[in-house]
Amino acid sequence: MPISSARSFRAGCLDARISDERISLKYGLIGQETNGLGGFANACRTIPIALEIAADMERLCPDAWLLNFTNPSGMVTEAILRHSRIKAVGLCNVPVIMQKGITTLLQCADEKEVVMQVAGLNHFIFVRQILHKGKEWLPEVIAEINAGRDPLVPRNIPPFRWPSHLLQGLGMIPCAYLRYYYMKDDLLRQELAEAGGEGTRGEVVKQLEKILFDQYRDPHLAVKPKALEGRGGQYYSERPAS
C-alpha cells in the first residue's frame with residue numbers, strides 16, 4: 001500500500017498572517033486567512049512551498065498520497081493537483097462539523113445514518129441534500145437554523161445568524177466560512193472592531209499558542225488544555241477529508 005505524507009505548515013508563521021489581516025483591513029478589505037485579500041496573500045506564499053514538497057515526492061515517493069491540511073486548503077490542493085503528478089487530498093473539518101450538527105438537530109443516535117450531499121471544497125461548501133433513513137430533511141434543518149438553532153458552526157467562529165431569506169433562496173446550507181461572501185459588510189465591520197480591541201484572529205491565535213506551548217512544556221500534562229478549544233481544528237482525529 002502506498003505511504004501517505006500529511007503536510008501542514010504556515011509560510012511566514014503567524015506574523016505573516018497578522019500582516020495580511022492588518023494590511024487588508026487598512027484598505028477596507030477582508031483579511032481572513034482562507035479567502036479575500038488575506039487568503040490570496042497566504043496562497044501566494046504557500047503554494048510555491050507546497051509545489052516544492054510535491055516535486056520532492058515525485059522524485060522520492062511518486063506513488064504516495066499527499067494529505068494537505070495547509071490553508072488556504074482548497075487553493076493549495078488545487079495547485080498541487082494541477083501542477084504536479086502527485087495524488088493529493090485536501091483535508092478540512094468543516095464537513096464533519098456540519099454533519100455532526102445536523103445529527104444533533106435531527107436527534108439521531110448514529111451520525112452514520114445521516115447522509116449529506118455536498119457541493120464545493122473544504123471551507124467553501126454547500127449542503128444540498130440531507131437524508132436520514134431514506135427521507136429528505138433539508139427543509140426541516142433550514143427551518144431549525146432560521147429559528148436560531150445552528151450547531152453546524154465550528155466552535156472557533158462566534159455565533160451568528162444567516163439572513164433567513166438567504167437559506168430559503170439558496171435551498172442549501174452554506175458552511176460558516178461562506179459568510180465572508182454573503183455577509184461581507186457585516187464581517188468587515190466585525191474584523192475592524194476586533195482589530196481595534198482584542199486583536200485580529202492571527203494575534204489572538206498567536207497568544208493562544210504561547211499559552212498552549214507553555215502548558216505543553218509540563219511533562220505531567222495528561223488532559224487536553226482548555227485553551228485548545230479556542231484554536232479551532234475540531235475532529236481532526238476523526239475524518240476531515242472532503
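Select Val94, Pro95, Val96, Ile97, Met98, Gln99, Lys100, Gly101, Ile102, Thr103 and Leu105: these are the buried residues of helix H4. Keep in mind that you are looking at a predicted model.

**Stop 1: helix H4**

Now select the whole helix, residues 94–105. Eleven of its twelve residues are buried, so H4 is mostly covered. Does its length fit a helix, and what span should you expect? At 1.5 Å a residue, the twelve residues should span 16 Å. Put a distance marker between the end C-alpha atoms: they are 17 Å apart, which agrees.

What do the buried residues of H4 pack against? Show strand S4 (114–121), strand S5 (124–132), helix H5 (138–146) and strand S7 (173–174). Then step just past the end of H4 to Gln107, which takes a positive phi of about 55 degrees.

**Stop 2: the largest nonpolar core**

Select Met98, Ile102, Ile130, Val141, Ile145, Trp162 and Ile173. The largest nonpolar core has 37 residues, and these seven touch the most other members. H4, S4, S5, H5, helix H6 (164–170) and helix H8 (184–195) each supply at least two residues of this core. Another core lies apart from it, with ten residues, among them Ala50, Ala64, Ile80 and Ala88. In soluble globular proteins, nonpolar side chains tend to be buried together.

Zoom in on Ile130. Leaving out residues up to four places away in sequence, Ile130 touches Ile102, Leu106, Val114, Val115, Lys135, Glu136, Trp137, Leu138, Val141 and Ile173.

**Stop 3: helix H3**

Go to residues 73–83, helix H3. Which of its residues are buried? Colour Ser73, Gly74, Val76, Thr77, Ala79 and Ile80. The buried residues of H3 pack against H2, strand S2 (65–68), strand S3 (87–90) and S4.

**Stop 4: Lys112**

Select Lys112, in the loop between H4 and S4. Is Lys112 buried or exposed? Its relative accessible area is 70%, so Lys112 is exposed. Add Lys100 to the view. The two lysines are twelve residues apart in sequence, and their C-alpha atoms are 9.5 Å apart in space.

**Stop 5: a patch on the surface**

Switch to a surface view and select Ile23, Tyr27, Leu29, Leu37 and Phe40. They form a nonpolar patch on the surface. Together they have about 520 Å² of accessible area. Finish at Leu29, in the loop between helix H1 (13–26) and helix H2 (36–60). Leu29 has 40% relative accessibility, so it counts as partly exposed.

Definitions and conventions: Residues are numbered from 1 along each chain as its sequence is written. This is a predicted model: local features need pLDDT of at least 70, side-chain atom pairs count only at pLDDT 80 or more; totals for chains, interfaces and linings use all residues. Side-chain values use heavy atoms; hydrogens and water are left out. Helices (H or I, at least four residues) and strands (E, at least two) are DSSP runs, numbered from the N terminus. The expected span of a helix is 1.5 Å times one less than its number of residues. Buried means under 20% relative accessible area, exposed over 50%, partly exposed in between (1.4 Å probe, protein chains only). Contact means heavy atoms within 4.5 Å. A nonpolar core is a set of buried Ala, Val, Leu, Ile, Met, Phe, Trp, Tyr and Cys residues joined through side-chain atoms within 4.5 Å. Patches are made of residues with over 30% relative accessible area and no salt bridge: like charges are joined within 9 Å, nonpolar side chains (Val, Leu, Ile, Met, Phe, Trp, Tyr) within 5 Å. Accessible areas come from the Shrake-Rupley method with a 1.4 Å probe; for residues, only the protein chains shown count as cover. A salt bridge is a side-chain nitrogen of Lys or Arg within 4 Å of a carboxyl oxygen of Asp or Glu.
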